[in-house]
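Biologist: I should like to learn how charged side chains are read in a model of this kind. Could we go through the structure together?

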Amino acid sequence: MKNIIHVIYPAEYLASFVIEGDHTDDDLLEMVFAQWNHGSGMECDQFISSKKRSLSVNDIVCVNGNYYQCASFGWNEVTSDYVKELEHAVENHPSRREGAWFALNDVMWERNKQNNLVVI
């Protein structure tokens, strides 16, 4: 089975490739995480040649059309609309001039802060 994978660094970089085999999405996500992380010992050639940072929290991986956002522990499934909106928010964030990774972190920080507001 051909599994179509997209590694998405929002508003920064997109890598697409195929992983052959009969794997679950969870298995594929773990494989991709290892292949796209410096020091894992399992880095793929595409990652090494890209000279990109390691895949990390808030980055997106698409597995056969299903989108997952990297969390502190594991993955959260998200929609394609969520990914498009996130890309737009990162691209247009004021900290984007410092780099997409900074903007992504700021966007997610602001969203988490807004969603966790406690009124006493």
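Biologist: Is Arg 96 buried, partly exposed or exposed, and what is its relative accessibility?

Modeller: The model is predicted. Residues between 20% and 50% relative accessible area are classed as partly exposed. Arg 96 has a relative accessibility of 24%, so Arg 96 counts as partly exposed.

Biologist: With which residue does Arg 96 form a salt bridge?

Modeller: A salt bridge requires a side-chain nitrogen of Lys or Arg within 4 Å of a carboxyl oxygen of Asp or Glu. Arg 96 pairs with Glu 91, and their closest N and O atoms are 3.8 Å apart. Glu 91 is also partly exposed, at 42% relative accessibility.

Biologist: What is the case for Arg 97 and Glu 98, buried or exposed?

Modeller: Both residues are exposed. Arg 97 and Glu 98 form a salt bridge, with 3.9 Å between the closest N and O atoms.

Biologist: How many salt bridges does the rule give?

Modeller: The count is six. One of them joins Arg 53 to Glu 12, whose closest N and O atoms are 3.5 Å apart.

Biologist: Which parts of the chain does the pair of Arg 53 and Glu 12 tie together?

Modeller: Arg 53 lies in the loop between α2 (45-50) and β3 (60-63), while Glu 12 lies in the loop between β1 (2-9) and β2 (13-20), so the salt bridge links parts 41 residues apart in sequence. Glu 12 is partly exposed, with a relative accessible area of 32%.

Conventions:
Residues numbered from 1 in each chain as written. Predicted model: local features only at pLDDT ≥ 70, side-chain atom pairs only at ≥ 80, totals over all residues. Heavy atoms only, no water. Helix = DSSP H or I, 4+ residues; strand = E, 2+ residues; numbered from the N terminus. Buried < 20%, exposed > 50% of the residue type's maximum accessible area, 1.4 Å probe, protein only.
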